[in-house]
Structures are given as structure tokens and as C-alpha cells.
Amino acid sequence: MGEYHLFEFSPETIDRFRTQREIPVHFYNKDGQILIYKKEQASDAEIDRLLRFVQQGIYYNTDDMDVLGIKKKKGEGNNDGLSDVKLLTEDHAGGLTHDTAELFGQLKRGTITSLHAKQSSERLNKLFQDFEQQPDAMNGLVNIIELMTGMGAEQEVEMAVKRTVVSMALKTRGMKAQSLRDQQRIADQVNVLMMSALLCDIGYGRMQMPADASLSDAQMEYIRNHPMMSYLMLAHEPSIDPRVKRNILCHHRPMRTGAAGNNYPNMKLLLGKLNSLEERYRTEPGKDHIAADVRKQLQLLKTDLAYDEDANVLALASEFASLTSKTSWRDAFSPRRAVQMIVNNSFFTYTDRIVREFLDHVAMSLCDNERIITEGDFVIVASRGSDGRPFFEVCQIDAASRYQSKPQVSRFATIQPEIARTPRMCFVRFDLDHLRPDPRFAKFDLLRDDSRHIVYAVDAHYDEEMHRRFTELTAGRRRGAVDPAASE
């Protein structure tokens, strides 16, 4: 009898079920009770019922992995499987940087053309093929930070190249780790994502961006116009895939509508602006093709995706590219620190799934195989009580494999965060004055506990006082001395 693992839906999964008109296996709750029965000739309504259980969790039996096309992770639970092979060459980075600089220069002088779009798509497809066909594509080093250091590219070009490569790696590895899909479908979806990554921030080139670190609410709202600006710079060009344009409009909307977090632009405002544009261009001579493009986007935005994978990948890759690039007000952060900051910003910004896939499949390879989460580290994990409200537990890592998101931990305290809501939601600090120790050191294996996920990685250098207090609380702990009856 197999185990029950959380099943992670994607738009491609639902599309496959609809195309085949079947629910190929039983789906369960976490206790192994059947929620949705296997069915041939399933209707769209029956398949859509699966999406109702996304929030509470729907599980599959590991005996059905082959039917679902899910691959077992090689080396899971141990440290094997990493490779120090560098997957990118100077030619890769140099060619993409050169082409991106030329494209962005053209966009400053005029508009994108079908020729520019075709050349960019071909360059990205060649990069993906070279990356994906290497034997170490799934576990080698994504060495884009090292290569970009000596390129001397302008900031906007540097960030676009990094964002594109990180998006490619995360999408490719995530798809291959989850299921067995045909090569043509993978190539198509990765090319759409890479084009989206390359172009999603071009709107900044037409905006007067703030030049310091502290942003007022008004400045943040201004910045949040850039997805719409980027889209408007592409709306006229029919050769650009509509999915690329949708991704650009949504690349800072990784969380489901209605979630408390940092999604922007607001969906109601976005739809309102697009409807106004459609009405304007419909009556303006020579602009009916733009009106038609806007109508297509309005139609695509009506689709409520259970998990918008591309938006999640683009948002996270954008943050990594930004943090590892020098700006007018700060130096670039190291790749390892950038990963930490992404994790520590994740609770209000990303879905748990994309953080897991980033930590498990890409983060270490961006950091020269340096671990982000190691034995003895302190982390804060989030869970939800019976009333749905989040609570936060302080844990120490007992064991961690190369799959960084799911270590074994021991809880030794609970803590409350102070949360800022403007100009964006984030943890300001954790209240050490009201830290509540838990001497039981209850143990959890996050690989088998889907109710908890890491939302903050404590760093001794950046979180000095917090690290000191946690060290004091765990100083007397003897490994293996915990009463098994106290474990949960």
C-alpha cells in the first residue's frame, strides 16, 4: 500500500484531464479517504470539482505515480545527486546579453516588431535546448550570476538576462520533477515563459523610477503600473504569443485573488483599465487590432487558475535578479543571501509551492551548491490553527537533504511577528519580548507534514539578537534526549 502525498495541480494537469476526458486515479484527503473517484468519460464539471479541494489539499496514492506521470526524486532523503558542472557558457550569457541590449535599445527608440520578437524567441529556444539537453541539466550549476559579473551590462539588461535564465531553470526542473510530459509541450511552455521573463519589465524604460531605497505609498503605486505599461508596449504586435502578454500583466500576481499579500495590480483595477482601453482603441482609427488584443487578454484573465505557475516563477525570478544586481542605492547581495531574503519575504508574496520548488531544484545551483538551510540552523515555520489564523513556531533543523524545503525540525518556541502593511506587506520583526519557549522540542518531518512550511531563515549575521536568543534556548538540548511521548 502506497503513501498519500499532496497532489499539486497545474493548468497543464487540468488541461490533460480535460483532453483525455478522464480522472485517471482516485484522489484522497490526507487521511486516505476518497474525495474524487477515478472516472472515464468525465465531464468538465466533474473535472472542475477537483479544483475545489486545492485550498484544503487533495492527495494521491504513491502507487498511482506512474499513471499520473509523476517521477520519483532521485536521491530524496540524502545528499547525493548534485553536480558542479556549469550549465551555461560565456557564449550563452554573452549572446543573450547582446541581443537583450539591442532589443531594449530599440524599445527606447520605437516599438517592438515581429522580426525582433522572432529573433528573441529563436535565441531563447536555442538557450533552452542547450541547457535542457545536457546530462546534468537537472542538478548542475546555473552559473548565470558568475557569468554576468564581467559582462558590464546596464542594470535593466542584467536583470532581464538573470530573470530569464532563472525562470528557464525553475520551469524546466519543476516540470521534469513533477511529471513526464512530451518534449514539444515542455519546449513550448518554457519558450513562452522565457519571452515573458525577457519582456515583463520593459515598461520601466518609459517610467521615471525612484532612485532611492525608501519608497512612499505613492511611489509604490506608481511602480505598480509597470505591468500595464509593459503590456501596452507589446499589445500592437500580433506575433507575440497572447500567453506572453497575459504573463506580463500578471507577473506580480503569484497568489490567488483575495489572498492577503503583495499581489499587484489589483484585479478589479486591472480589468477596469483594460475595459477602458478596449473602448478607446475600438473607436480610434487604425487601432482596432489593439482593441482585439485587449479583448483577448480580458478573456484570458477570466480563467481562475488553481496555481498560476508562470506568474509564480516570474515573480520569484524577478526578485532574485533584482537582489543580485547592484542599484543606485545598494550593492548586490550574494546569491545565498538573496535566497534567504526571498524565503523571508515569501509569506505575503509567494505560494508555498514555488518556494519549495525554488529551494529544492534551483537555489543551491545558483549558489555554487552552497546550502541555504543546514543542520543546526534556526527557522520559523508557519502553520494554521483550527480557526484558519496563522501561528508561527521557532524550530531548529535536525536533518536536511539537498531538498531544502522539507527538513526535519524540532520546535522549541512560538513567536509573534510585527507585520507592516504599507507600502507592502512584510515581517518587520519578530517579538522576542513575547517569545514563548516550548521545552518539549516536538519533532516534525516537513517532508510528511504539509501543514507547516518555512517562512523565515534566521541568519546569525543579519538577525544577531534573534539568533543569540534562540541559541540560549537550545544550549542545553542534547540530541536524542527528547521524550518520544512529547513528539508530535
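**A tour of the enclosed and open spaces**

By class, 4 nonpolar, 1 polar and 3 charged residues make up the lining of the largest cavity. In this predicted model, begin by selecting those residues: F104, L107, K108, E156, I202, G205, R206 and M233. The space they line, the largest cavity, amounts to about 70 Å³. Colour helix 4 next, since with 3 residues helix 4 gives the most to this lining.

The structure holds 3 cavities of 30 Å³ or more, and the second largest cavity is the next stop. Its space comes to about 60 Å³. To display its lining, select L82, M138, N139 and R173, then the run L359, D360, H361, V362, A363, M364 and S365, and finally R402. Helix 16 (residues 352-366) supplies the largest share of this lining, 7 residues. By class, the lining of the second largest cavity divides into 6 nonpolar, 3 polar and 3 charged residues.

Turn now from the cavities to the second largest pocket, which holds about 1800 Å³ of space. Centre the view on L215, S322, W329, R330 and R424, the closest to the pocket centre of the 50 residues that line it. Then show as cartoons the elements that each give two or more residues to the lining of this pocket: helix 4 (90-109), helix 7 (155-178), helix 9 (217-223), helix 14 (309-323), helix 15 (335-344) and strand 11 (426-430). Colouring the pocket lining by class will show 24 nonpolar, 15 polar and 11 charged residues.

As a last selection, return to helix 4, which contributes to the lining of the second largest pocket and also to that of the largest cavity.

Technical notes:
Residues numbered from 1 in each chain as written. Predicted model: local features only at pLDDT ≥ 70, side-chain atom pairs only at ≥ 80, totals over all residues. Heavy atoms only, no water. 1 Å grid on protein atoms, 1.4 Å probe; cavity = no way out; pocket = protein on both sides within 12 Å on 5 of 7 lines; lining within 4 Å. Points joined across faces, edges and corners; volume = space filled by probe spheres on them. Helix = DSSP H or I, 4+ residues; strand = E, 2+ residues; numbered from the N terminus. Nonpolar A, V, L, I, M, F, W, Y, C, P; charged D, E, K, R; others polar.
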